[in-house]
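Reader: Before I rely on any label attached to this model, I would like to hear how each one is justified. Could we go through them in turn?

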Amino acid sequence: MSGTGAGDTRPVIHRNSLREQIAGALREEMMAGRLAAGRNFTVKEIADLYGVSATPAREALVDLGAQGLLRTEHHRGFTVPELGWDDFLEIFEARVLLTDSYVRQLALRPESSDTDARLPSLRRRADAAVRAARAGNLDVMVGCDRRFWQEVAGLLGNRRVGDYLDWLRVQSWMFAAPYLRGMSRLDGVCWDRHLDLVDAIAARDLAGAYRIICEYNLFTVRLLAELTGRPLESVGVLPLLTAGLGPAEPAPESEGPGAEGPGADGAGPGGSAAGAVGSTAGSDAGNGGGNGGPGRPAEPPHSADATATADATAGGARLRDRELGRELGRELGLGLGLVPQPRSVAFTRFGR
């Protein structure tokens, strides 16, 4: 376990409890779609999985249940809730409405020197989120993107608003992750303008930051509407998003839906969108992407040589993804921290 800096090998000091670490690990499992909707498990299973006693495992599960992220069933333990399109609409619309309100408030607030102090950390988080998005590594992306938006929300100076947006973002990821996992590849599909947003914040360009977030949310909801086969017209806050883009920058019809994936908060400079899917380069993503289907790159015909080359390229990409995951994990302290990751349980232990 290494430090938070690229060249820092000092151990990370975790001040949160074992209970909080287990809850955090399970939360990210659900956000990434590895702990699938509808799965049921007991306290003993979780305790055995992570090699801890029943007490912190039970406390972590009860905490997640109190947050509405798990459903408690008498004599059956705990179940991951299944979120539908209507649930997502409520989550998404709440996020957008709250964001619009607090961005207006920020416009009336005097500039704070705290913003400058937060910028280096915010930029590091943004860089990590961009790298994860461009690599298409969903498991790493959910953690990096969520941490970025938590940092952005800190600019609000209102912990309750930030916590609520984070809660909405977690549920957005829980809804979107199964659809994203169903795509053949995510590299080049995920939203990666985190650094652009940081630049706008650094320049005190509140209007520009708000436009980026509106574009991000519009991109997101378009992608998820297409992946779920739902009409975009069912999104009640759509006019608010398009108005936020301004007359000078209308949303291009040719661009694909930009997904914050599961997590965008619709937030302005304090938004909490987690890991938006949809690339600035992915105009095909929203239009069926050629023969690759919604959000997927078109797949060219393969010769034997081309297949061998593609296999070698895919192998190299997988290796780079693993390297990226390890690197970002070292830098950001992802995962359980002091709680050991399960070693004897297959990746699909909680899969569908």
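Reader: Which residues does Phe-148 touch, not counting residues up to four places away in sequence?

Author: This is a predicted model, and in it Phe-148 touches Leu-122, Arg-125, Ala-126, Ala-129, His-194, Leu-197 and Val-198.

Reader: What makes Phe-148 a member of a nonpolar core?

Author: A nonpolar core takes in buried residues of certain kinds, Phe among them, joined through side-chain atoms within 4.5 Å. Phe-148 belongs to the largest such core, which has 85 residues, and together with Trp-85 touches the most other members. The largest share of this core, 13 residues, comes from helix 9 (residues 206–228).

Reader: Why is the pair Asp-48 and Lys-44 called a salt bridge?

Author: The label asks for a side-chain nitrogen of Lys or Arg within 4 Å of a carboxyl oxygen of Asp or Glu. For Asp-48 and Lys-44 the N to O value is 2.7 Å, so the pair meets that cut-off. The two residues are four apart in helix 2 (residues 43–50), and therefore about one helical turn separates them.

Reader: How do you know that Lys-44 is exposed?

Author: Its relative accessible area is 58%, and because exposed means over 50%, Lys-44 earns the word.

Reader: What does the salt bridge between Arg-123 and Asp-199 tie together?

Author: The side chains of Arg-123 and Asp-199 meet at 3.0 Å, N to O. Arg-123 lies in helix 5 (residues 114–135) and Asp-199 in helix 8 (residues 194–202), so the pair ties together parts that are 76 residues apart in sequence.

Reader: Why are Arg-123 and Asp-199 called partly exposed?

Author: The term covers values between the 20% cut-off for buried and the 50% cut-off for exposed. Arg-123 has a relative accessibility of 33% and Asp-199 a relative accessible area of 41%, so both are counted as partly exposed.

Reader: What makes Asp-127 and Arg-131 a salt bridge, and where do these residues lie?

Author: Their closest N and O atoms are 3.2 Å apart, which falls within the 4 Å cut-off, so the label applies. Both residues lie in helix 5, where they are four residues apart and separated by about one helical turn. Asp-127, with a relative accessible area of 32%, is partly exposed, and Arg-131, at 24%, is partly exposed as well.

Reader: Which residues are joined into one network by salt bridges that share partners?

Author: Arg-19, Glu-59 and Asp-63 are joined in this way. The structure holds 19 salt bridges.

Definitions and conventions:
Residues are numbered from 1 along each chain as its sequence is written. This is a predicted model: local features need pLDDT of at least 70, side-chain atom pairs count only at pLDDT 80 or more; totals for chains, interfaces and linings use all residues. Side-chain values use heavy atoms; hydrogens and water are left out. Buried means under 20% relative accessible area, exposed over 50%, partly exposed in between (1.4 Å probe, protein chains only). Contact means heavy atoms within 4.5 Å.
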